[in-house]
Amino acid sequence: MSTLSRAHSAHSIAEQLAKSKAQLQAFDSAGIDSRLLMCHVLHCEPVYLMTWPEKELTEAQLCALQQLVAKRKLGHPIAYLIGYRDFWSLRLQVSPATLIPRPETELLVETVLALSLPQQAKVLDLGTGTGAIALALASEKPKWHITGIDKNTDAVALAKQNAQLNKLTQVCFKHSDWFSNIGNETFSLIVSNPPYVEDDSVYLQQGDVRFEPTSALTSGPDGLDDIRLIIAKTKAYIAKEGWLAFEHGYQQAPGIQALFTEHSFEQIHSVDDLNGHPRITLGRYSAQ
């Protein structure tokens with residue numbers, strides 16, 4: 001066996017993975033990113049890369065991989081480059097029209113699934129984006145009647161597409177600027193991962209968020225403008241003893257709890273993430 005074949009050729013999966021990882025060494029996720037991009041180019045699962053490391057890429061595949069690596073090196077999010085992100089038990093299509101679903105948001109799903117709600121609860125997901133929260137809930141509670149809304153029509157179209165791809169077509173997605181297109185419906189649970197970043201936050205210049213829609217991230221000087229509006233308007237759309245739950249920034253729990261108290265919510269509490277930071281705050285509305 002020649003030295004070249006033992007070490008794999010320059011165009012082999014193994015060599016190109018090594019080259020991509022070296023180019024992306026500035027990222028902690030360089031190894032994972034390289035494998036995801038390679039799988040995207042080859043239309044394969046990760047196990048294929050380990051099984052066939054000597055397989056050679058075609059010129060077209062090499063070119064596609066190099067273009068993707070170059071974009072990733074500039075900071076473009078992996079999810080936008082490969083077109084999807086896994087969330088909960090689902091694979092969700094993503095686009096620059098929406099925020100990329102993040103593992104932290106699974107805590108919001110876990111939190112509301114643990115609530116005592118009617119077997120056929122009506123649920124509203126405000127600012128649904130890719131449909132991540134609504135679809136994750138639907139996958140666990142097929143008898144719930146779930147509506148996801150977004151003011152971005154591209155996001156609504158994407159959420160509908162994700163419902164089809166994950167065979168969760170019972171979820172209704174529609175265009176609405178918060179409650180503007182909800183009519184007279186009331187819900188046992190209203191859940192939201194709204195914009196909550198301060199307008200001048202340095203966070204906006206870091207990582208993936210540089211490429212995500214600012215309108216889905218920022219909400220006024222303290223980041224609470226949308227949460228403030230939602231809490232104030234929710235009482236017209238929430239059933240008696242219904243719950244309202246938010247994901248939010250790790251320093252915002254006291255301010256959000258105060259807003260809940262101001263608007264007569266009860267059983268107000270926050271839930272910590274794996275780092276011990278309060279990331280979910282919820283309350284129950286019974287002042288009817």
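Ala132, Ile133, Ala134, Leu135, Ala136, Leu137 and Ala138 are the buried residues of helix H8. That makes 7 of the 9 residues of H8, so the helix is largely enclosed by the rest of the structure. Keep in mind that this is a predicted model. Across the protein chain as a whole, 48% of the 288 residues count as buried.

**Overall layout**
- The protein chain has 11 helices and 9 strands.
- Its C-alpha trace spans about 80 × 40 × 30 Å along the principal axes.

**H8 and its partner H7**
- Helix H8 covers residues 132–140 and packs with helix H7, residues 106–113.
- Their axes lie 10 Å apart, at an angle of about 40°.
- That angle falls outside the roughly parallel range, which stops under 35 degrees, so H7 and H8 are oblique to each other.
- As for handedness, H7 and H8 make a right-handed crossing.

**A nonpolar patch at the surface**
- Val47, Tyr48, Met50 and Trp52 come together as a nonpolar surface patch, and their accessible area adds up to about 420 Å².
- Met50 belongs to helix H4, which runs over residues 46–51.
- Is Met50 buried or exposed? Its relative accessibility is 66%, so Met50 counts as exposed; the cut-off for that is over 50%.

**Salt bridges**
- The count of salt bridges comes to 10.
- One of them pairs Lys122 with Glu185, at 3.1 Å from N to O. This pair ties together distant parts of the chain: Lys122 sits in strand S3 (residues 122–126), while Glu185 is in the loop between strands S5 (172–175) and S6 (187–192), 63 residues apart.
- Both ends of that bridge are partly exposed: Lys122 has a relative accessible area of 31%, and Glu185 has 26%.
- Asp222 and Arg228 form another salt bridge, with their closest N and O atoms 2.5 Å apart. Here too the partners are partly exposed, with relative accessible areas of 32% for Asp222 and 33% for Arg228.
- Glu241 and Arg284 meet through their side chains in a salt bridge of 3.6 Å, N to O. This is another link between distant parts of the chain, with Glu241 in strand S7 (residues 238–247) and Arg284 in strand S9 (residues 278–285), 43 residues apart. Glu241 is partly exposed, at 31% relative accessible area.
- Then there's a network: Asp33, Arg72 and Asp208 are joined into one by salt bridges that share partners.

Key:
Residues are numbered from 1 along each chain as its sequence is written. This is a predicted model: local features need pLDDT of at least 70, side-chain atom pairs count only at pLDDT 80 or more; totals for chains, interfaces and linings use all residues. Side-chain values use heavy atoms; hydrogens and water are left out. Patches are made of residues with over 30% relative accessible area and no salt bridge: like charges are joined within 9 Å, nonpolar side chains (Val, Leu, Ile, Met, Phe, Trp, Tyr) within 5 Å. Accessible areas come from the Shrake-Rupley method with a 1.4 Å probe; for residues, only the protein chains shown count as cover. A salt bridge is a side-chain nitrogen of Lys or Arg within 4 Å of a carboxyl oxygen of Asp or Glu. Helices (H or I, at least four residues) and strands (E, at least two) are DSSP runs, numbered from the N terminus. Buried means under 20% relative accessible area, exposed over 50%, partly exposed in between (1.4 Å probe, protein chains only). Axes are lines fitted to C-alpha atoms, for helices over the stretch in contact, and angles run from 0 to 180 degrees between N-to-C directions. Angles under 35 degrees count as roughly parallel, over 145 as roughly antiparallel, 65 to 115 as roughly perpendicular and the rest as oblique. A crossing is left-handed if the near helix is turned anticlockwise from the far one by less than a right angle, and right-handed if clockwise.
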